[in-house]
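Student: I would like to go through this model and ask, for each label attached to a residue or an element, what justifies that label.

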Amino acid sequence: MSQLYRALPSVDRALDALANLPLNPSADKGGESLALVPRAILRDHVNGFLDVCREEIRGGVYESPEQLSLEALLPRMAAYVRAKSRPHFRRVLNGTGVVVHTNLGRSLLADTAVEAVCEACAHYSNLEFDLETGERGSRYSHVERILCQVTGAEAGLVVNNNAAAVMLVLDTLCKGREVIVSRGQLVEIGGSFRIPEVMEKSGARLREVGATNRTHLRDYENAITEETAALLRVHTSNYRIVGFHKEVTLEEMVALGKQRGLPVLEDLGSGSFHDFTGMGMGDEPTVQQVVAAGPDVVTFSGDKVLGGPQAGIIVGRKACIDRIKKNPMNRALRIDKMTLAALEATLRLYADPEKARREIPTLAMITAKADELKARARKLAAKVRRELGDLCAVALQEGASRVGGGSFPERDLPTTLVRIAPAKGTATGLKQRLLDTNPPLVGRLEGDAFCLDPRTLTDAEFALVCDALRQALPDSGN
């Protein structure tokens, strides 16, 4: 056994050999090499690999010193080092068909938004500098005017997400007093965060009215006291109550608020500027429609159906927004220059609704037509068959996509899936191995096959899909 240990290559020899190998073996010739990885980090990975080899020696894996030469170990060593050298936060191919996939980063930015972010990162900017006066300015001025133009609101403000937006509004307008909410609207959002808990942290006191399935206007009227600060309406964008059900309309609440001198707050959750009713997706209101109904404050997300960066957007009456802007908590929740750049660029696209539908990836994916998706599925299937041959069986099947991100629950979008059955092993094994490819490919299981939905894959990614499958399929044996 001592001979086997002595046969292991030195770390320095291994480092010199690795430096000449490509960082990504599937990339075109002339790409970056492993020498790009800092040598100290590379040394740690080589030591880790050699520790694995020592464990294997103790386990009786090797029979001769030749099996432990640098030449024999180099392919495995390189694969180990490449895997360890990947960034932990990295690109993933989304073949699930879930457009606003929270776990995979939600909305993709439009090209113009990506360019705006790069510009903001690479250069100094007028983030808080007024170019007319040469004095300090406000970061919110970059998006407030266009927010008002698009939504019809008097004023606007942006914080880092919608939960923060709701908390900031309640802390400013309702702290220490009661806020009346229907029991049927006490929603839980992702990560187990619930409206009552957000409200408690804001310092406002929850006053529940009505029943889970039915709330009437008289329930709100009877609950109003001198302690009432506001009426809150939470749009149930991530679930549906069907059957014997009633909720008070926003218009009714606005009328009651005016009558009793109380602000009406609307938490839209996933706000949309695009009207999807023509697609048979129900009567989900747009932000413009909600603002027109007259609530004092409306909050919604920027990175869901809107198709922009993560942000909590607050619009409404100027008197309310001005108070919210002055809240010291606003600084703790403010957005950075990259978010501002991406959001402004996204909002500008909405000045032309048809251009927004084409160029904002989230809208383009949601509104993609069934025949277009079928043609793209055929194209992907043909490429997989051509490049992977007998490694898998490929077929098409009808399926359904989802908007995701807590938007349009239970609303299916018709699509065509590419069905992949590995020649060896199982679809479950393939699905798991694809999580370790470069880049990882995420799909879904349908019966005994691994399926990909072209709705959430671009044509430019089809080559990467085939490369990922090629990395995962040859080792099938589960």
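Student: Why is R183 called partly exposed?

Tutor: This is a predicted model, and in it R183 has a relative accessibility of 38%. Buried means under 20% and exposed means over 50%, so R183, at 38%, counts as partly exposed. E208 is placed by the argument that applies to a value of 35%, which also makes it partly exposed.

Student: What makes E208 and R183 a salt bridge?

Tutor: The closest N and O atoms of E208 and R183 are 3.0 Å apart, and the cut-off is 4 Å between a side-chain nitrogen of Lys or Arg and a carboxyl oxygen of Asp or Glu, so the pair qualifies. The two residues sit 25 residues apart, E208 in strand 6 and R183 in the loop between strand 3 (178-182) and strand 4 (188-189), and the pair thereby links distant parts of the chain. Elsewhere, salt bridges that share partners join E128, R136, R139 and R334 into one network, and a search of the whole structure finds 31 salt bridges.

Student: How do you know that D171 and K175 form a salt bridge, and which label, buried or exposed, belongs to D171?

Tutor: Their side chains meet at 3.7 Å, N to O, which is within 4 Å and therefore counts as a salt bridge. D171 has a relative accessibility of 12%, under the 20% limit, so D171 is buried. K175, by contrast, reaches 55%, over the 50% limit, and is therefore exposed.

Student: What labels go with E144 and K325, and what does their salt bridge link?

Tutor: E144 has a relative accessible area of 18%, under 20%, so E144 is buried, whereas K325, at 27%, falls between the two limits and is therefore partly exposed. Their side chains meet at 2.9 Å, N to O, and the pair links distant parts of the chain, with E144 in helix 6 and K325 in helix 12 (residues 318-325), 181 residues apart. Helix 6 (residues 141-151) itself lies across strand 2 and strand 10 (312-316), running at about 120° to strand 2.

Student: Why are strand 2 and strand 6 called edge strands?

Tutor: The open sheet has seven strands in the order 2-10-9-8-7-3-6, with mixed pairing. Strand 2 (155-159) and strand 6 (205-209) each pair on one side only, and that is what earns them the name of edge strands. From one strand to the next the twist averages 25°.

Student: How do you know that strand 7 pairs with strand 8 and with strand 3?

Tutor: Pairing requires at least two bridges. Strand 7 (residues 228-234) and strand 8 (residues 264-269) have four, in the parallel sense, with V234 standing opposite D267 in strand 8. Strand 3 and strand 7 have three, also in the parallel sense, and here I180 stands opposite L231 in strand 7. Both pairs therefore meet the requirement. Strand 7 is mostly covered, seven of its seven residues being buried, and helix 10 (residues 250-260) lies across strand 7 and strand 8, running at about 170° to strand 7.

Student: What makes L231 and F300 stand out in the largest nonpolar core?

Tutor: Of the 50 residues in that core, L231 and F300 touch the most other members. Leaving aside neighbours within four places in sequence, F300 is in contact with a set of residues including L268, F273, V287, L306 and I313. Apart from this core lies another, of 29 residues, among them V169, C174, L265 and I324.

Student: How do you know that the buried residues of helix 2 line one face?

Tutor: The buried residues of helix 2 (residues 11-18) are V11, A14, L15, A17 and L18. Seen down the axis of helix 2, they fall within an arc of 165°, so they line one face of the helix. An α-helix has 3.6 residues a turn, so residues three or four places apart point the same way. The buried residues of helix 2 pack against helix 3 (39-58) and helix 4 (70-85).

Student: What makes R106 and the bond from N438 to P439 worth a remark?

Tutor: Most residues other than glycine have a negative phi, and most peptide bonds are trans. R106 has a positive phi of about 55° although it is not a glycine, and its place is in the loop between strand 1 (93-94) and helix 5 (111-122). The peptide bond from N438 to P439 is cis, with omega near 0°, and P439 lies in the loop between helix 18 (427-433) and strand 13 (441-442).

Key: Residues are numbered from 1 along each chain as its sequence is written. This is a predicted model: local features need pLDDT of at least 70, side-chain atom pairs count only at pLDDT 80 or more; totals for chains, interfaces and linings use all residues. Side-chain values use heavy atoms; hydrogens and water are left out. Buried means under 20% relative accessible area, exposed over 50%, partly exposed in between (1.4 Å probe, protein chains only). The arc is that of the directions from the helix axis to the C-beta atoms. Contact means heavy atoms within 4.5 Å. A nonpolar core is a set of buried Ala, Val, Leu, Ile, Met, Phe, Trp, Tyr and Cys residues joined through side-chain atoms within 4.5 Å. Axes are lines fitted to C-alpha atoms, for helices over the stretch in contact, and angles run from 0 to 180 degrees between N-to-C directions.
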